[in-house]
Structure formats: C-alpha cells, structure tokens
Amino acid sequence: MSDIDAPEVFVWQNIEEQARALFALYGFNEIRTPILERTQVFTRSIGDDTDIVQKEMYTFEDRGGRSLTMRPEGTAGVVRYLAGKGQDAGDARLFYIGPMFRSERPQAGRKRQFHQCGVEMVSPPSPLVDAECIALQLHLLKEWGLDGCVLKINTRGEAHESRQIADELCARLMPNREDLCADCQRRIDENILRVLDCKNPECGAIVDAMPPLTEFMSADSRAYFDKVVALLNELGLRPKITPRLVRGLDYYNNTVWEIAHPALGAQDALAGGGRYSIQMGKKPLEGVGFAMGLERVIMALNAVDALVETLSESVLLWFVSMGAKALDANFILEQELRNRGVACGMDMTGRSMKAQMRAANRANARFVVICGDDEVAKRVLLLKDMGSGEQCEIDKETLIERILQEKG
Ligand code: AMP
C-alpha cells in the first residue's frame, strides 16, 4: 500500500478530472459505495471458486459477529446498491473511482491497495451497449494520452448456456486431465473456464488444440459476439479476438474483454470488462461494465513519456514578518486575501528574514510582502516582485488591488 504525495498526486488529480469530464459526456453519474461491505456481497457475485474470494479478500468479523470485507473490486457494491433501488435502477449509468484491496503477493504493478476507475451500465444484453462501453473505455485511455492499447475480446456465451459449455469443455479436457497442472485438474471440477487462461505452457498447448469456446455456443450467442466485433471494427477500435480470454470473475457472460499495453511488461493488463448477470435482489441485474487499474495506467503513461505532472497553482503571495505586531498584521491580511481567492502563505514561527525568504522561494511565490514593526507603525508594506527583484513601498489597499489584478 502506498502513500501518494506531490508531485505524483498531481498526475492522479489530472487523470481523475479528465475521467469525470468524459463520463459526463457519455451521461454517467458518479456513485460512491462504502469500502466495507458484508462479505456475501462479494462471495455471491464474484464466485466462491475465484482467486479473489479464495485467496485475496481482507475479511474480518465486526463486533456484532458479522463478516465484513474490504472491497476487492467495484462491481459487486454497485450492483448491491442498484438491487436496493429495484425498478428505479432502470438503465442507470454509473462510474466510480476509488481504492480496492486485495491481499496479493506484491510485485511491480500489483499492490494490496490499488485504485480502479470503472463504470456499470444497467442494460439487458445488447451488442450496441457492450460496444459503447468498450468505446468509452478506449476513449478515456486516449484522453489520458495512452496510445497503443491492445483490446482483446472474447465471449462466454449467454448465461443459460454456461452448464452446456462447461460440459463440452469437460468432455474434451478429461482425456488430457493427467497432463494438466494441479491447479487446472482442480479447476475442471470447480471452475472449468479458468483452465482456458492458465499461464502454464503445457495447459496452454492442450487448450490451443481444442476448438474455441464459440463452437460450444448457440448461433444466437455467436451472432451477438459477431455484432459486437463488427461495431468495434466500424469504430476503428481493432478488437483482437482472443479465444482463451475468459476473465477471472464468475459473474460474466457474453462479451468479456481486456485491455493491455505493451509498455507494461509481464503485468500488462491495464483494464478488464464484461457483461454480467448478478443475482443480488429479487431478479438478476443485467449490465456491462469495466474497471481500469489506475496504478497501471500511470505506469504505462510514464513508460511512454506521456505523464502530465501539472503543478497545483503555486502561491501568489508570501508574507514575511519581522516582529510580533507585523506577524499579527500579516496574519489578518493573509486571511483577508484568501477570502478573496488569493493563494498565499506565511511562516508563523518568527524565524529569521533569510529563513522566511527561503520558504517563499520553496513555495514558488510570485510576490513577497515584507512587513516589520516599523511598517506597521507607518501603515505601509514592502512588496517584492520575485521575478524582476523590484521592490516598492505600498499601502494595504493598493496592495490588495494590485494582487487581485495579478490573480486575474
Ligand atoms: P480485475 O478486477 O481483476 O479485472 O482488475 C482490473 C484491473 O485492475 C486490472 O487490469 C489491473 O489494471 C488492476 N488491478 C487488479 N489487481 C491489481 C493489483 N493488485 N494492483 C494493481 N492493479 C490491479
């Protein structure tokens, strides 16, 4: 888990601001769900046999004996919220930006607290909505300045076909069971689709020799997928059909996808998404969504030299005070200027003039006001322009006028 401080935090502020602006363009509202949820919110939706639920959740009991979990992903909480709305969930379009928690082995690009920016679009199955969701995601990556992303896409078929697809897969994998890795031998019984994306080369060779998943699906499922791919091609988004892509979460059906960036190396997944049907209330909620890992986005932006580390507005004015009366007078004036929107600062510890001027430089101040007890008695101030080095005596009202003009 990391602290995010300046100047890196300016990058975060920028990408979050750009994301909010783009989401507004597509008609999305923000949703902020709690970080803690009842554990069943995740186990029921993500699936008991997934890596997240089996190994990665931070789960504990509260004082009332309820099992709570720190959210490992965003979809389950949003769906829990929407299920509570019932009919009113309608065709909600929501986005979220925030921290997620997974107890994984830390490595480059993998953290225990990381941040995701994601969306959920409530909609019955529709190739148009799936394509729109993917287009929005790629639009956002472009907006952030990240070119060269690779969109890998596949389908898991309609929800009601999952049993039949699993049976077909099982029939083909059983003869090779002994040659699969130990994890995949277990997956055959527990979560057979995950055999497809196993990283082990021997499992990969067995899977590659099998027909693609689409062979086991209905003509409707295949037509749905073809339509999504055709729409994406028409938008110029060049989807790469990837038959072994299934994604790790149980709630997906139909379209699933991942976006990778070559600059990321081994952990090249920037983002994932898919269509889902999740039963949390009376009826299953159908929708499509994506989640992007912001640490990875920033790593990729860094690797392609596209980071925008805009500094937050630097301080316009710094007050230097020599003597107790000057300190009080500066303190009052500083607050008066801040009330009028001027960014200013001062040292309150009564340090030497030299130390205070150093602080003004560190704050990158454009002007410095110097005030000693003499100036207080004469009701004037010394104004120094730090750019030109010019200095002049000025009364308080003129100073305020000048500074407000400079602020623009
Ligand atoms: P997932 O919810 O597993 O599909 O993850 C979506 C995206 O979140 C991934 O593509 C990564 O970019 C990011 N992500 C997932 N887990 C982590 C992690 N432990 N640390 C950093 N980023 C992560």
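**Entry 1: strand 10 and its partners**

I began with the pairing of strand 9 (residues 252-260) and strand 10, which run antiparallel to each other over seven bridges. The model I am reading is a predicted one. I looked up one of the bridges and found tyrosine 252 partnered with tyrosine 276 of strand 10.

I then turned to strand 11 (residues 284-293), which pairs with strand 10 in the antiparallel sense over nine bridges. For serine 277, I noted glutamate 286 in strand 11 as the bridge partner. Strand 10 and strand 11 make a hairpin, and I found four residues between them.

How many of the eleven residues of strand 10 are buried? I noted eight, so strand 10 is largely enclosed by the rest of the structure.

**Entry 2: the ligand**

I listed the surroundings of the ligand next and found 14 residues, of which the closest are Arg102, Glu104, Lys111, Arg247 and Leu270. Which strand gives the most to this shell? I found that strand 10 does, with three residues. Strand 6 (113-122), strand 10 and strand 11 each supply at least two residues of the shell.

I looked up three polar approaches to oxygen atoms of the ligand. Arginine 102 places a polar side-chain atom 2.8 Å from a ligand oxygen. For glutamine 116, I noted 3.0 Å between an N or O atom of the side chain and an oxygen atom of the ligand. Leucine 270 uses a backbone N or O atom, which lies 2.9 Å from a ligand oxygen. The ligand taken alone exposes 480 Å², and I noted that the protein buries 90% of that.

**Entry 3: helix 2 and helix 4**

I went through helix 2 (residues 39-46) and marked Thr39, Val41, Phe42, Ser45 and Ile46 as buried. Viewed down the axis of helix 2, these buried residues fall within an arc of 165°, so they line one face of the helix. As a reminder on geometry, an α-helix has 3.6 residues a turn, so residues three or four places apart point the same way.

What covers the buried residues of helix 2? I found that the cover includes strand 2 (36-38), helix 3 (51-56), strand 3 (58-61), strand 4 (67-70), helix 4 (75-85) and strand 10 (269-279). Just past the end of helix 2, I noted glycine 47 with a positive phi of about 110°.

In helix 4, I listed Thr75, Ala76, Gly77, Val78, Val79 and Leu82 as the buried residues. They pack against strand 2, helix 2, strand 5 (93-101), strand 6, strand 10 and strand 11. Glycine 86, just after helix 4, takes a positive phi of about 60°.

**Entry 4: threonine 155**

I located threonine 155 in strand 7 (residues 150-155). Is threonine 155 buried or exposed? Its relative accessible area is 1%, and the cut-off for buried is under 20%, so I entered threonine 155 as buried.

I looked up two polar contacts of the threonine 155 side chain. One reaches the backbone nitrogen of glycine 157 at 3.0 Å. In the other, a polar side-chain atom of threonine 155 lies 3.3 Å from the backbone oxygen of asparagine 254. With neighbours within four places in sequence left aside, I found threonine 155 in contact with Leu213, Thr214, Met217, Phe225, Asn254, Thr255 and Val256.

**Entry 5: isoleucine 241**

I found isoleucine 241 in strand 8 (residues 240-241). Its relative accessibility is 49%, and I entered isoleucine 241 as partly exposed. I checked isoleucine 241 against asparagine 154: the two are 87 residues apart in sequence, with their C-alpha atoms 5.8 Å apart. Beyond the neighbours within four places in sequence, isoleucine 241 is in contact with Ile153, Phe225 and Val229.

**Entry 6: helix 7**

For helix 7 (residues 182-190), I listed Cys184, Arg187 and Ile188 as the buried residues. Down the axis of helix 7, the buried residues fall within an arc of 110°, so they line one face of the helix. Which exposed residues sit on the face turned away from the buried side? I noted Ala182 and Asp189 there. I closed with the cover over the buried residues of helix 7, which includes helix 6 (162-173) and helix 8 (201-208).

Conventions:
Residues are numbered from 1 along each chain as its sequence is written. This is a predicted model: local features need pLDDT of at least 70, side-chain atom pairs count only at pLDDT 80 or more; totals for chains, interfaces and linings use all residues. Side-chain values use heavy atoms; hydrogens and water are left out. Buried means under 20% relative accessible area, exposed over 50%, partly exposed in between (1.4 Å probe, protein chains only). The arc is that of the directions from the helix axis to the C-beta atoms. Contact means heavy atoms within 4.5 Å. Two strands pair if DSSP finds at least two bridges between them. A residue is near a molecule or strand if one of its heavy atoms lies within 4 Å of it. A polar contact is a pair of N or O atoms within 3.5 Å; within protein, one must be able to donate a hydrogen and the other to accept it, and residues adjacent in sequence count only if both atoms are side-chain atoms. Accessible areas come from the Shrake-Rupley method with a 1.4 Å probe; for residues, only the protein chains shown count as cover.
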